[in-house]
Structure formats: structure tokens, C-alpha cells
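Work through these short exercises with the structure open. Each task is followed by its solution.

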Amino acid sequence: MYAAFFFIFAGAAVGFAINLLIQRHPVYSALSLIGVMASLASLYLMLGAEFIAAVQVIVYAGAVMVLFIFVIMLLNAGEEERTQRSKLARQAGAPLLLILLSLVATVLYKQFPRDSMVQFGDFPGQTAPIGRLLFREFLLPFEVVSVLVLIAIVGAVVLARKEP
Amino acid sequence: MPLPFIVITLIKAIVVLIVLMTVAAYLVWFERKIVARIQNRWGPTRVGPFGLLQPLADAIKLLTKEDFTPAGVFRVPYLLAPALSLTVALLAFAVIPFGPGFQIADLNIGLLFILAISSMGVYGIVLAGWASNSKYSLLGGLRSSAQMISYELAISLSVVGVLLLGGSLSLREIVSAQSGVWGLVPRWNVFPQLVGFFCFFIAAIAETNRLPFDLPEAETELVAGYHTEYSSMKFAMFFIAEYTNMVTASCMATILFFGGWHGPVPSFLPAPLQAVVPLFWFSLKVVLFLFVYVWIRGTLPRFRYDQLMSFGWKFLVPLALINLVVTSFVIALRA
Amino acid sequence: MVPISYFLVLAAILFVLGVAGFLFKRNIVTIFMSIELMLNAVNLTFVALSYHLRELNGQIFVFFVMVVAAAEAAVGLAIIITVFKHRESLNVDNVDLMKL
């Protein structure tokens with residue numbers, strides 16, 4: 001049961017990510033990315049991270065991606081033109097990426113014992129402890145991040161403002 | 001996973017779906033009747049007694065209409081958008097508790113689930129607006145994305161006060177925390193959280209794109225906004241999604257602020273009938289909120305777009321924030 | 001039941017797909033989306049390791065990554081709008097001059 005769910009959502013995530021690369025219109029790419037995010041939210045649920053799964057949908061899929069689509073629609077961007085400017089990326093890109101993937105994957109695969117299994121209900125989602133951690137141990141990072149968000153708001157307003 | 005669990009959940013889901021579709025259909029009749037009375041007309045009277053069969057006639061009309069796809073649309077998202085709208089609207093009911101035990105799934109993060117699902121609702125509208133490849137639709141889609149992001153913020157902030165009082169994200173526990181009375185007044189969240197309720201309800205009207213915030217489909221300027229290019233069943237799906245969202249918003253207002261299935265007076269019915277009482281109170285409150293929706297629609301004119309945005313950002317969000325700060329102060333002082 | 005390493009390998013695949021998008025795509029908005037894809041892949045490793053170690057800190061990190069990603073999206077998209085206003089193109093190959 002668990003394995004079946006895992007392969008469904010993992011397959012969906014990889015499929016949507018590949019679709020993001022293949023599609024030439026940015027709106028289709030954005031939709032694929034939303035698909036990836038939704039599949040990841042399901043995987044988070046399977047890992048017992050209920051709160052993170054909900055926040056993933058609310059923040060990423062519900063706010064950040066809406067912003068992306070809003071900008072794409074606002075700029076009325078058409079299909080991507082393929083310019084072949086960078087020879088290096090064209091020729092060396094794919095092999096280098098494969099090497100990167102195999103390196104990272106083997107290291108990760110070797111590092112973790114095969115008997116460390118994941119199953120439902122082993123590590124149930126705990127929202128209250130996350131809140132407690134966030135406002136006790138991680139209070140300083142939390143405040144710093146809120147200042148960062150404020151700076152980002154001001155920066156975005158200044159950048160997107162009509163010039164006088 | 002045990003088989004009986006799956007079967008029982010499926011049955012529950014089907015029952016909720018059927019009831020919901022009926023409610024959404026009759027909500028249209030309800031709205032037309034009430035708005036007609038507000039405007040000193042009669043509304044539907046011809047089909048059946050009091051026009052009660054009108055929803056059926058509407059459904060037949062929409063089903064038999066030609067399913068027309070305009071040239072130049074982006075096909076896949078054009079077809080996907082109405083389905084997405086309706087699916088997302090229905091998903092919210094997976095966690096809504098209609099009474100003690102009358103709930104499809106009791107999630108620990110029920111409230112976050114509802115917020116997450118309703119934040120996905122914007123995609124149906126935005127996609128429809130973009131995929132129709134028409135300027136009216138595009139304008140409607142753009143407006144709705146900006147509007148829904150802005151008012152989502154107000155909704156989330158106004159709900160946090162309730163979370164502080166209830167101490168849980170599970171909708172069932174939020175309702176349970178509102179049982180009992182303070183003297184003569186029931187322990188509903190609306191009394192300590194009046195400001196929060198005010199923010200929540202206004203923002204909920206904006207989230208469901210209802211008058212006076214129906215900018216995404218403002219008939220007088222955008223033809224019909226995001227669903228201009230849709231007809232037949234695809235249009236009907238947007239329509240049902242909108243009314244389902246109204247029901248969701250009313251259910252949420254009931255659960256979060258008006259004590260869910262708890263009645264204002266103790267019931268004195270005999271034991272066998274006792275099980276129906278919570279359902280009765282819940283439905284009564286939901287119908288009341290739906291009436292307020294329709295009443296507002298019949299009374300207020302549409303906002304201008306800049307008014308809508310400045311109202312959301314300069315009034316509603318700060319008000320919800322102040323409410324949150326005051327609530328947490330009071331709770332901290334009493335602890 | 002699934003070994004924890006499956007989740008990590010999935011995250012690696014998603015990350016590499018993100019890198020590929022970053023390298024091969026030419027539309028600046030899509031490149032930005034590829035960055036988000038990479039961030040998401042890293043988030044998956046955080047959550048998986050949080051499960052593996054039975055430790056909630058990993059989820060807190062994900063929370064912070066999301067906040068930073070949201071802030072980044074706001075500023076990044078504002079920059080993209082400004083670039084589009086000046087160059088009337090979203091192709092990164094056309095944005096190679098510091099001064100017009």
C-alpha cells in the first residue's frame with residue numbers, strides 16, 4: 001500500500017518536472033511545477049509532516065505560483081524562443097547533469113541503511129511541537145526571517161512601481 | 001487499510017456529494033427568489049409550485065445546450081479549468097463536521113486543509129481566464145488572482161484568533177471547544193471574536209467572488225469575466241463551484257464562529273430524535289449565512305477595483321492583525 | 001513500506017531536473033521556476049531526514065526555506081517585470097548588456 005502510493009506520487013513528481021522542461025509556454029511550465037508541488041505535498045503527508053504539507057500547498061502552490069502565473073499573464077509572454085547561444089551548455093550540459101545525478105544518488109543511497117523503512121503512522125504529524133520549537137529555540141531566526149520578508153515587500157514595491 | 005473503513009468513507013462521501021449538489025441547485029432557486037422579493041418581483045414561479053422545479057429545468061437546459069469550444073483557445077487548460085474549479089470546491093467538504101460523527105475525515109490539520117484547498121480555487125478561474133484567449137476573460141482572471149491572494153491573507157489572519165481560543169487545528173475540536181454557556185450566552189467564538197468574524201465574513205465574500213466583490217465576472221464591464229467563453233456543462237461546472245464555495249464559506253463561518261452543531265438553547269426532544277438536533281442547528285446556521293450572502297447581493301452595489309484592493313490591504317488586513325494582537329494579549333494575560 | 005533512501009533519490013532526481021531547467025531554459029520566468037524546483041527538492045530531503053532522525057528541526061528548516069522562497073519570488077518577479085519593461089523580452093540571452 002505504502003509503496004504503491006510512494007511510486008504514484010514520486011512518478012507524478014518526476015513526470016511533472018520533466019514536463020516543466022519540455023513545455024515551451026511558461027504557463028504550461030508553471031502548471032507542471034504546481035503538479036510537482038502537489039505531489040510533494042502528498043509525499044510530505046506520507047512522511048508524517050502534515051503541517052509542512054499544508055503549508056506547501058498554501059504558500060507554494062497557493063501563493064508563490066499564483067504570483068508566477070499572474071506575472072506571466074500580465075507580461076503576456078509567448079512561447080519561448082530557443083536561441084543556441086551557449087555551446088558549452090548544449091554539448092557538455094547533459095553528460096555533466098547525468099554525472100551529477102549519479103553522484104548524488106549513489107552517495108545518498110549508500111549513506112542510508114536499507115532497513116530504515118518509512119511507513120504510515122510511525123512519526124505522526126505534530127503541529128503544536130513545531131509551533132513550540134519555532135517560537136522558543138528558533139525565535140531569533142524567525143524574527144530575522146520576518147525582517148527579511150519586510151525588506152522583500154519594500155523591495156518589490158520599489159521595483160514594480162511606475163517611474164515618476 | 002481495512003476494507004470496511006474504505007467502504008464506509010466512500011458511502012459518507014457519496015451521501016455528502018448528493019446532498020451538496022441538491023443544496024447547490026436549490027441555492028440558485030433560493031437566491032433568485034430572495035433577490036426577486038428584494039427587488040419587488042416574484043422570481044421563478046412557472047416550473048412547479050413556487051418554481052421549485054426551476055433548478056431541474058435549469059440543469060436540463062444546460063445539459064442539452066451545445067457544448068461549444070471557441071477557436072483559438074488553449075485546449076488543455078480550457079477543458080481543465082472548470083473541472084479543477086469544481087473538484088477543489090467539493091474537496092473542502094471532506095473535513096467539514098456537520099454534526100458529532102457526521103464527518104468524512106477528521107484531520108488534525110482540518111482548518112489548514114480548508115485554507116489550502118481554497119487557495120487552490122484561484123487556479124480554475126485564472127486558467128479559464130487565460131486559456132479562453134479573450135481579453136475579457138484575461139482581465140477577469142488577472143483581477144481574480146490579485147483579489148483572491150489579497151483576501152486570503154485577511155481570511156487566514158482572522159481565523160488565527162479562533163485557533164488561539166480553540167487550541168486546535170481540527171475542526172471537530174474547534175466546535176467541541178465552543179460547547180457550554182457563559183451565563184445566558186452560548187460559548188461561541190463570535191462573541192470574543194466579533195472583529196475576527198467581521199473580517200472573516202467580508203473576506204469570505206471576496207474569496208467566493210460574490211457581490212459586492214464580484215469583480216472577476218463584473219457583467220457591466222467584462223461581459224462575464226473569466227467564464228465569458230464557456231457554455232453548457234463547462235459553464236455549469238463554474239456555476240456549481242461558485243455556489244458550493246458559498247456553502248463552504250457559510251459552513252466555515254458556522255464552525256469557526258457560531259459553535260458548529262451546538263444550539264443556542266438546550267434541546268428537550270426525546271432521546272431517539274436527539275441525534276437530529278445537531279444537524280438541525282448546523283443546517284439552520286448555514287442557511288442563515290446563505291441568506292445573508294443573498295441579502296448582501298441584493299442590497300449593495302459592486303465595488304470599484306481600486307476600492308476593492310485598498311479596502312482589503314488598508315483596512316481588512318490591518319484590522320485582522322490588530323484583532324490578532326489584542327486576542328493574544330488577552331489570552332496571555334489570563335494564562 | 002519504502003526505504004528512506006528512495007525519498008532521497010527522488011529528491012536528487014528532482015534537483016537535477018531543476019538544474020537542467022536552469023541551464024537549458026531560455027525564458028527568465030521558467031528559469032526562476034527551475035530554481036523553485038530545486039528548492040522543493042531540497043525541502044523533500046529535509047522532511048525525509050526529519051522522519052529518519054525522528055527530529056522536528058528538519059521541518060522547521062523547510063518552513064524557513066518556504067518563507068525565503070516566497071520573499072525571493074516577490075522580489076524576483078518584480079525584477080522580471082522591470083527587466084521586461086526595459087528590454088521587452090523575457091529571453092535571458094537578450095539581457096546581456098549592463099546598460100542599454
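Rings of Phe, Tyr and Trp (its six-membered ring) pair if their centres lie within 6.5 Å. The model is predicted.

**Exercise 1.** Name the residues of the aromatic cluster that includes Phe51(A).

Solution. Start in chain A: Phe51(A), Phe135(A), Phe138(A) and Phe142(A) belong to the cluster. Then add Phe46(C), Phe61(C), Phe63(C) and Phe64(C). Together they form one aromatic cluster.

**Exercise 2.** Classify the ring pair of Tyr26(B) and Trp29(B).

Solution. By the pairing rule, there are 35 aromatic pairs over all chains. For Tyr26(B) and Trp29(B), the ring centres are 6.3 Å apart and the planes stand at 65 degrees. Planes over 60 degrees apart count as edge-to-face. The pair is therefore edge-to-face. Next, place the two residues: they are three residues apart in helix α1 (residues 3–38) of chain B, about one helical turn. Tyr26(B) is partly exposed at 32% relative accessibility. Trp29(B), at 19%, is buried.

**Exercise 3.** Find which helices the pair Phe200(B) and Phe257(B) ties together.

Solution. The pair is tilted, with 5.4 Å between centres and 50 degrees between planes. Phe200(B) lies in helix α7 (residues 194–207) of chain B, and Phe257(B) in helix α9 (residues 232–257) of chain B. So the pair ties together parts that are 57 residues apart in sequence. Both Phe200(B) and Phe257(B) are buried.

**Exercise 4.** Describe helix α3 (residues 50–75) of chain A.

Solution. Take its span: 26 residues reach 36 Å from first C-alpha to last, close to the expected 38 Å. Look for a bend: α3(A) turns by about 30 degrees at Met65(A). Check burial: 20 of the 26 residues are buried, so α3(A) is largely enclosed by the rest of the structure.

Conventions:
Residues numbered from 1 in each chain as written. Chains lettered and ligands numbered in written order. Predicted model: local features only at pLDDT ≥ 70, side-chain atom pairs only at ≥ 80, totals over all residues. Heavy atoms only, no water. Helix = DSSP H or I, 4+ residues; strand = E, 2+ residues; numbered from the N terminus. Expected span 1.5 Å × (residues − 1). Bend = angle between axes of the 7 residues up to and from the residue. Buried < 20%, exposed > 50% of the residue type's maximum accessible area, 1.4 Å probe, protein only. Phe/Tyr/Trp six-rings, centres within 6.5 Å; stacked < 30°, edge-to-face > 60°.
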